[in-house]
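Hi everyone, thanks for making time. I'd like to walk you through a structure you may not have met yet, so have the picture open while I talk.

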Amino acid sequence: MVNFGPCVELLAAEGVDRIVLGAAPVSAQLGRDRVRHLLEGMEAATGIPGDGPLEAVVAAMDHLGLRRIAVGSKWADQLNERLRAYLEAGGLEVVAITARGRWAKENAALSYQDGFQAALEVAREAARLAPQAEAIYSAGGPARTLPVIPVLEEELGKPVLTNLSAEVW
């Protein structure tokens, strides 16, 4: 996080309206307390509101009045445990989480089509593992997960969140 401050200063100088600390894996590894501390410090220093992908997922679930979430993840177990801890620190109950043992480099190497198919697969698996889930969180890169939302919401009959959909919303 050495470059966090200088990057915030550059964005503030550009006159942005909001700053997002991108990448759910980064937020998960840092933990909720540290992410919130960074965002609060950034806003205090610049006057610009900030957000992070996992904060956005927590806020979206809160806005919808939902607590039980199943996570469709391609990530490694170690990262998933940090993800679970973050979401639970935000007041959510993670009722299921999938894993494929991948790290960012492996996920980034997937073609668009393979990434899309993997996102569908893990989200469907998460829904099967936890029919009591009130929503599904499809974790991963926006280009691969965003298009799964309408397909899965129609199929599963419940909200499907991604990093980008929650951040934009």
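**Starting at helix α4**

Okay, so in α4 the buried residues are Pro 53, Leu 54, Glu 55, Ala 56, Val 57, Val 58, Ala 60 and Met 61. Before I go on, please keep in mind that this is a predicted model. The helix covers residues 53-64, which makes 12 residues, and from the first C-alpha to the last it reaches 17 Å, close to the 16 Å expected at 1.5 Å a residue. Just after α4 comes Gly 65, with a positive phi of about 70°.

Now for the sheet. In what order do the strands of the open sheet come? There are 4 of them, in the order β4-β3-β5-β6, and the pairing is parallel. The edges belong to β4 (93-97) and β6 (160-161), and each has a single partner strand, so one side of each has no neighbour in the sheet. If you're wondering what holds such an arrangement together, strands of a sheet pair through backbone hydrogen bonds.

Let's go along the sheet. β3, residues 68-72, is mostly covered, with 4 of its 5 residues buried. On one side, β3 is joined to β4 by 4 bridges, running parallel, and there Val 71 has Ile 97 of β4 as its bridge partner. β3 is also joined to β5 by 4 bridges, again parallel, and in β5 the residue opposite Val 71 is Tyr 137. So look at Val 71 on your screens: you'll find Ile 97 and Tyr 137 as its partners.

Moving on to β5, residues 135-138, we find 2 bridges to β6, in parallel. Tyr 137 turns up here too, with Leu 161 in β6 as its bridge partner. Is β5 covered or open on its faces? Both faces are covered: Ala 135 and Tyr 137 are buried on one side, Ile 136 and Ser 138 on the other.

Two of those β5 residues lead us elsewhere. Tyr 137 is touched by Asn 163, which also touches Ala 24, Pro 53 and Gly 140, leaving out residues up to four places away in sequence. Asn 163 sits in helix α10, residues 163-168, and is buried, at 9% relative accessible area. Pro 53 is one of the buried residues of α4 we began with, so do trace that contact when you get a chance.

Ser 138 is the other lead. Ala 119 touches Ser 138, along with Arg 144, Thr 145 and Val 148, again not counting residues up to four places away. Ala 119 belongs to helix α7, residues 112-129. Why does Ala 119 count as buried? Because its relative accessibility is 0%, and the cut-off for buried is under 20%. Ala 119 and Arg 144 are 25 residues apart along the chain, with 6.9 Å between their C-alpha atoms.

Next stop, a pocket, the second largest one. About 160 Å³ of space lies in it. Its lining is made of Arg 18, Arg 36, Leu 39, Glu 40, Glu 43, Gly 50, Asp 51 and Glu 55. Two elements give two or more residues to that lining, α3 (32-46) and β2, and α3 gives the most, with 4 residues. What classes of residue make up the lining? There are 6 charged residues, 1 nonpolar and 1 polar.

Take Asp 51 from that list. You'll find Asp 51 in strand β2, residues 50-51, and at 14% relative accessible area it is buried. Beyond its neighbours within four places in sequence, Asp 51 contacts Arg 18, Ile 19, Val 20, Leu 21, Leu 39 and Ala 56. Of these, Arg 18 and Leu 39 are also in the pocket lining, and Ala 56 is among the buried residues of α4.

Last, a couple of loops. Gly 47 lies in the loop between α3 and β2 and is exposed, with a relative accessible area of 56%. Its C-alpha is 8.9 Å from that of Ala 12, a residue 35 places away in sequence.

The other loop runs between β1 (19-20) and α2 (24-30), and Ala 23 is found there. Ala 23 is partly exposed, at 40% relative accessible area. Its phi is near 80°, a positive value in a residue other than glycine. Most residues other than glycine have a negative phi, so that's one to look at on your own screen. Thanks, and I'm happy to take questions.

Note on methods
Residues numbered from 1 in each chain as written. Predicted model: local features only at pLDDT ≥ 70, side-chain atom pairs only at ≥ 80, totals over all residues. Heavy atoms only, no water. Buried < 20%, exposed > 50% of the residue type's maximum accessible area, 1.4 Å probe, protein only. Contact = heavy atoms within 4.5 Å. Pairing = 2+ DSSP bridges. 1 Å grid on protein atoms, 1.4 Å probe; cavity = no way out; pocket = protein on both sides within 12 Å on 5 of 7 lines; lining within 4 Å. Points joined across faces, edges and corners; volume = space filled by probe spheres on them. Nonpolar A, V, L, I, M, F, W, Y, C, P; charged D, E, K, R; others polar. Expected span 1.5 Å × (residues − 1).
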